[in-house]
Amino acid sequence: MAMEDLTSLLSDYGTLFREDTDFYNRIVLGTLLPHTVWAPLPHFFQTWLRNYLGGVLLYLLSGFMWCFYIYYWKRNVYLPKDAIPSQRAMLLQIGVAMKAMPWYTLLPTVSEYLVENGWTKCYPRLYHVGWLAYFVYLAIYLVVVEFGIYWMHRELHDIKPLYKHLHATHHIYNKQNTLSPFAGLAFHPLDGILQALPHSLSLFFIPIHFTTHLVLIFLEGVWTANIHDCIHGKLWPVMGAGYHTIHHTTYRHNYGHYTIWMDWMFGTLRDPEEEDGKAK
C-alpha cells in the first residue's frame with residue numbers, strides 16, 4: 001500500500017473512531033446529565049466522564065440485581081444462610097470500588113484516545129476486514145488477554161511488594177461470607193488498572209473491532225461480579241465462581257480469568273468439585 005493510501009486510510013479510520021466516541025458520549029452523557037454540563041468539556045474529558053458514569057451504573061446495577069436474586073429472591077437456594085455476606089461487608093466493598101472507579105476508567109479513556117489518533121491496530125467497521133477475519137482476530141485477542149491477565153494476576157501474588165501494597169486490598173475478602181458480587185471491583189486502583197492492562201496493550205498488535213473492544217472492557221464489570229458470588233456454575237472450561245472462590249481461600253491457585261486453560265497449562269489449577277470430594 002502506498003504511503004498516501006495508508007495516510008488516507010488512517011485518516012478515514014480516525015474520523016470513524018471519533019464519530020463512534022462522540023455518539024457514545026451523546027448517548028450516555030445526554031441521558032444522564034444536562035447538555036450544558038458535559039458539552040463544553042474537551043472530548044477527552046467527555047469520554048472519561050462517559051466511561052466513569054457508565055462504569056458506576058454497570059457496577060451498581062449488575063451488583064444489586066445479582067445480590068437481590070441470589071441473596072433474597074433465591075435465599076438459601078444457591079448458598080447456605082451462613083455464607084451470605086453481611087450488608088456491612090457489601091457496603092465496604094462498594095466504598096472501595098467507588099474510590100477506585102475514577103482511576104479505573106482512565107484506562108479505557110486513554111485507550112480510546114490512542115485509537116482515535118491511529119496508534120493502534122483497531123479498525124472501526126466490520127466491513128474493513130470481513131466476518132471471518134473479525135472472528136479470527138477476536139479469538140486471538142481473547143487468548144492474548146487471557147494469557148496477560150493470568151500472568152499479571154499471578155505476579156501480583158508472587159511479587160511480595162505488589163501483593164502487600166496493591167492486591168492485598170482485594171484479598172481481605174477471603175471467605176464465602178465476605179465475598180459478594182460487589183467484591184468484583186473492590187481493588188486498589190492501580191491493581192485494577194494493571195489487571196485490565198492486557199486489554200489495552202493488545203490493541204497495539206492485534207487488529208480488533210473498536211466497539212467490540214469497548215464492550216469487552218465493560219463486560220469485565222459484569223464478569224468480575226459473577227465470579228465473586230461463590231456459586232459454582234459447573235460450566236467447563238469456564239473459570240467461574242467455584243474456581244475463583246478457591247483462589248480467594250488458597251491464594252495460590254486459579255489465577256485465570258475467563259477459562260481454566262492458563263491455570264491448567266501452568267500448573268495452578270484446582271478444581272472445586274475435587275475440593276468438595278475431599279471435604280466429604
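Which residues does Tyr59 touch, not counting residues up to four places away in sequence? Keep that in mind as we start. The model above is predicted. Here is the list: Tyr59 touches Gln93, Ile94, Ala97, Met98, Met101, Phe182 and Leu185.

Let's step back to the cores. Tyr59 is among the residues with the most contacts inside the largest nonpolar core. That core has 23 residues. The others with the most contacts inside it are Tyr71, Leu79, Met101, Tyr104, Phe182 and Leu185. Helices H3 and H4 each supply at least two residues of this core. H4 gives the most, with 6 residues. There is also a second, separate core, and that one has 17 residues. Tyr123, Leu138, Val145 and Ile208 are included in it. As general background, nonpolar side chains tend to be buried together in soluble globular proteins.

Next, helix H3. H3 runs over residues 43–73. I'll pick two of its residues. Arg50 lies in H3, and so does Met65. Which of the words fits Arg50, buried or exposed? Arg50 is buried, because its relative accessible area is 6%, and the cut-off for buried is under 20%. Met65 has 57% relative accessibility, so Met65 counts as exposed. The cut-off there is over 50%.

Met65 also has a partner far along the chain. Met65 and Pro181 are 116 residues apart in sequence. In space, their C-alpha atoms are 9.8 Å apart.

Back to Arg50. Leaving out residues up to four places away in sequence, Arg50 touches Thr21, Tyr24, Asn25, Val28, Leu29 and Glu112. That last name takes us to helix H5.

Glu112 sits in H5. Its relative accessibility is 1%, so Glu112 counts as buried. What is Glu112 in contact with, leaving aside its neighbours within four places in sequence? The contacts are Thr21, Thr47, Arg50, Asn51, Phe210 and Leu214. Thr21 is on the Arg50 list as well. Now compare a pair that is apart. Glu112 and Leu32 are 80 residues apart along the chain, and 21 Å separates their C-alpha atoms.

What about H5 as a whole? H5 is mostly covered, with 8 of its 11 residues buried. Those buried residues are Leu107, Pro108, Thr109, Ser111, Glu112, Leu114, Val115 and Glu116. Just after H5 comes Gly118, with a positive phi of about 75 degrees.

H5 has a packing partner, helix H9. Two packed helices are described by the angle between their axes and the distance between the axes. For H5 and H9, the axes come within 12 Å and cross at roughly 175 degrees. The cut-off for roughly antiparallel is over 145 degrees, so H5 is roughly antiparallel to H9. Who meets whom? From H5, we have Pro108, Ser111, Glu112 and Val115. From H9, we have Phe210, His213, Leu214 and Ile217.

On to helix H8, residues 189–201. It has 13 residues, and at 1.5 Å a residue it should span 18 Å. Its end C-alpha atoms are 18 Å apart, which agrees. There is a kink, though. Where does the kink in H8 lie? It lies at Gln195, at about 40 degrees, shortly before the proline Pro198.

The buried residues in H8 are Asp191, Gly192, Leu194, Gln195, Pro198, His199 and Ser200. They pack against H4, H5, H6 and H9. So H5 and H9 come up again here, as packing partners of H8.

Take Asp191 from that set. Asp191 is at 0% relative accessibility, so it counts as buried. Beyond its neighbours within four places in sequence, Asp191 is in contact with Leu156, Leu166 and His167. Asp191 and His170 are 21 residues apart along the chain, and their C-alpha atoms are separated by 8.9 Å.

Last stop: the loop between helices H10 and H11. Two residues in it have a positive phi without being glycine: Tyr251, near 70 degrees, and Asn254, near 55 degrees. How covered are they? Tyr251 is at 24% relative accessibility, so it counts as partly exposed. Asn254 is at 0%, so Asn254 counts as buried.

Key
Residues are numbered from 1 along each chain as its sequence is written. Side-chain values use heavy atoms; hydrogens and water are left out. Helices (H or I, at least four residues) and strands (E, at least two) are DSSP runs, numbered from the N terminus. The expected span of a helix is 1.5 Å times one less than its number of residues. The bend at a residue is the angle between axes fitted to the seven residues ending there and the seven starting there. Buried means under 20% relative accessible area, exposed over 50%, partly exposed in between (1.4 Å probe, protein chains only). Contact means heavy atoms within 4.5 Å. A nonpolar core is a set of buried Ala, Val, Leu, Ile, Met, Phe, Trp, Tyr and Cys residues joined through side-chain atoms within 4.5 Å. Axes are lines fitted to C-alpha atoms, for helices over the stretch in contact, and angles run from 0 to 180 degrees between N-to-C directions. Angles under 35 degrees count as roughly parallel, over 145 as roughly antiparallel, 65 to 115 as roughly perpendicular and the rest as oblique.
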